[in-house]
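Got your viewer open? Load the model, switch on the cartoon view, and follow along one selection at a time.

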Amino acid sequence: MSNKISLLLACLLLPFPAMAQQLPDYTETDPTYETGARLGLGVEKSLIPKTMTVFAEEQIRFNDNFSHFQRSYTTVGLDYRFLPWLKAGVSGSYILNNSTDKGWTNRFRGAFWLTESVKLDRWKLSLREKLQATYYADSINLYQNPKTRWVLKTRVKAEYDIPRSKYTPYFSAELRNTLNAVNPACFVYNESDARWTNTSPVYNDVYINRLRLVAGTEYKFPDRNTINLFIFSDLCWDLDIDFNSSGRQKKNSSGTGYKDYLFLEDTYLFGLGLTYTFKL
């Protein structure tokens, strides 16, 4: 048991967030506050008891104070437990996004993760590292974002097993580290028209752009189906590069450096969630 605890603590100290570089100069916009909801329906099937599980889930999300259908996720995947304290998983998702300015767009996502866990009396502590790639199928501005976006998510989670109860309360915190954002350090200033340009974007900027906090409880029915009720908050800090589709600065202002075209947008989303999972 002590070896497992040592391993978990060592993983918690891994420098994944330290990969993030210091952000260059930017203009910070006024924060945006939103409320929303997430509703999910899933199914699981154990292929090898306590070892291999396949799953599928459909999730829909609402934002803008619950009034706007933001996107849907259709996901299939597999979990495999190598050891009592270590499991891995893979998944594929189709994402239908409903943007207020672009309308309906399509994305495809693949993910791979490792989860380490340890039990301390009735507590269960876990660490999950998830590598995720999202492909934007529709046209996007490549001078602002890469066609395929890579991120690394680091999540710690604590669960408590209440004696003689079907409820399992939990709390989790997750950092999202973007791995291949457009690097503003590669932009150049064009003296002739007083604009910044970026005709050959370099996708190697690394920084943390979201903290997700979740608190909830899982309830297990006698037929082993489960329902998950939770509240969450997404605290996001995304860099917005104010370039057009030809790699030129949109605003023709004087040469004041990054503050002309690089903006930090703060978005704080608070919401409610519910997921029902059938165990076959």
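Start by selecting Gly110 and Ala133: Gly110 stands opposite Ala133, which is in strand 7. You're looking at a predicted model, by the way. Now colour the two strands around that spot. Strand 6 (residues 103-120) pairs with strand 7 (residues 123-136) in the antiparallel sense, over 14 bridges. Want a second pair of facing residues here? Pick Leu114, whose bridge partner in strand 7 is Glu129.

Next, follow the chain from strand 6 into strand 7. How many residues lie between them in the hairpin? There are two, and Asp121 in the turn has a positive phi of about 60°. Keep that angle in mind, because most residues other than glycine have a negative phi.

**Neighbouring strands**

Add strand 5 (residues 86-99) to your selection. Strand 5 and strand 6 also pair in the antiparallel sense, over 14 bridges. Click on Leu86 and look across to strand 6, where the bridge partner is Glu116. A hairpin of three residues makes the link from strand 5 to strand 6.

Now go past strand 7. Strand 7 and strand 8 run antiparallel and are joined by 13 bridges. To find a place to zoom in, select Ser126, which stands opposite Lys157 in strand 8.

Time to zoom out. The chain has one helix and 14 strands. Buried residues make up 40% of its 280 residues. If you count contacts with a separation of 6 or more, 60% of them are between residues 24 or more positions apart. Switch on the surface, too: the accessible surface is about 15,200 Å², and carbon and sulfur atoms account for 58% of that.

**Into the core**

Hide the surface and show side chains. In soluble globular proteins, nonpolar side chains tend to be buried together. Here, the largest nonpolar core has twelve residues. Select them as sticks: Tyr143, Ala181, Val182, Phe187, Trp196, Tyr207, Leu239, Ile241, Phe243, Tyr261, Leu262 and Leu264. Which elements give two or more residues to this core? They are strand 9 (167-182), strand 13 (226-241) and strand 14 (262-279).

Apart from that core lies another one, made of five residues. Among them are Tyr170, Val214, Phe232 and Leu269. Stay on Phe232 for a moment and bring up Arg38. The charged end of Arg38 sits over the ring of Phe232, 4.2 Å from its centre. For another example of this arrangement, jump to Trp113, where the charged end of Lys130 sits over the ring, 5.1 Å from its centre.

**Rings together**

The structure holds 13 aromatic pairs. Try Phe221 and Tyr276. Their ring centres are 5.8 Å apart and their planes are at 40°, so this pair counts as tilted. The two rings link distant parts of the chain, since Phe221 is in the loop between strand 12 (203-220) and strand 13, while Tyr276 is in strand 14, 55 residues apart.

How much of each residue is accessible? Phe221 has a relative accessible area of 26%, which makes it partly exposed. Tyr276 is partly exposed as well, at 21%. To be called buried, a residue would need to be under 20%. Now widen the selection to Tyr167, Tyr219, Phe221, Tyr276 and Phe278, which form one aromatic cluster.

**Two loop stops to finish**

Select Arg224, in the loop between strand 12 and strand 13. Its phi is near 80°, a positive value in a residue other than glycine. Arg224 is partly exposed, with a relative accessible area of 45%.

Last stop: Arg164, in the loop between strand 8 (148-160) and strand 9. Arg164 has a positive phi of about 55°, although it is not a glycine. Is Arg164 buried or exposed? With a relative accessibility of 85%, Arg164 counts as exposed.

Conventions
Residues numbered from 1 in each chain as written. Predicted model: local features only at pLDDT ≥ 70, side-chain atom pairs only at ≥ 80, totals over all residues. Heavy atoms only, no water. Core = buried A, V, L, I, M, F, W, Y, C linked by side-chain atoms within 4.5 Å. Buried < 20%, exposed > 50% of the residue type's maximum accessible area, 1.4 Å probe, protein only. Helix = DSSP H or I, 4+ residues; strand = E, 2+ residues; numbered from the N terminus. Phe/Tyr/Trp six-rings, centres within 6.5 Å; stacked < 30°, edge-to-face > 60°. Lys NZ or Arg CZ within 6 Å of the ring centre and 35° of its normal. Contact = heavy atoms within 4.5 Å. Areas by Shrake-Rupley, 256 points an atom, 1.4 Å probe, with all protein chains shown as cover. Pairing = 2+ DSSP bridges.
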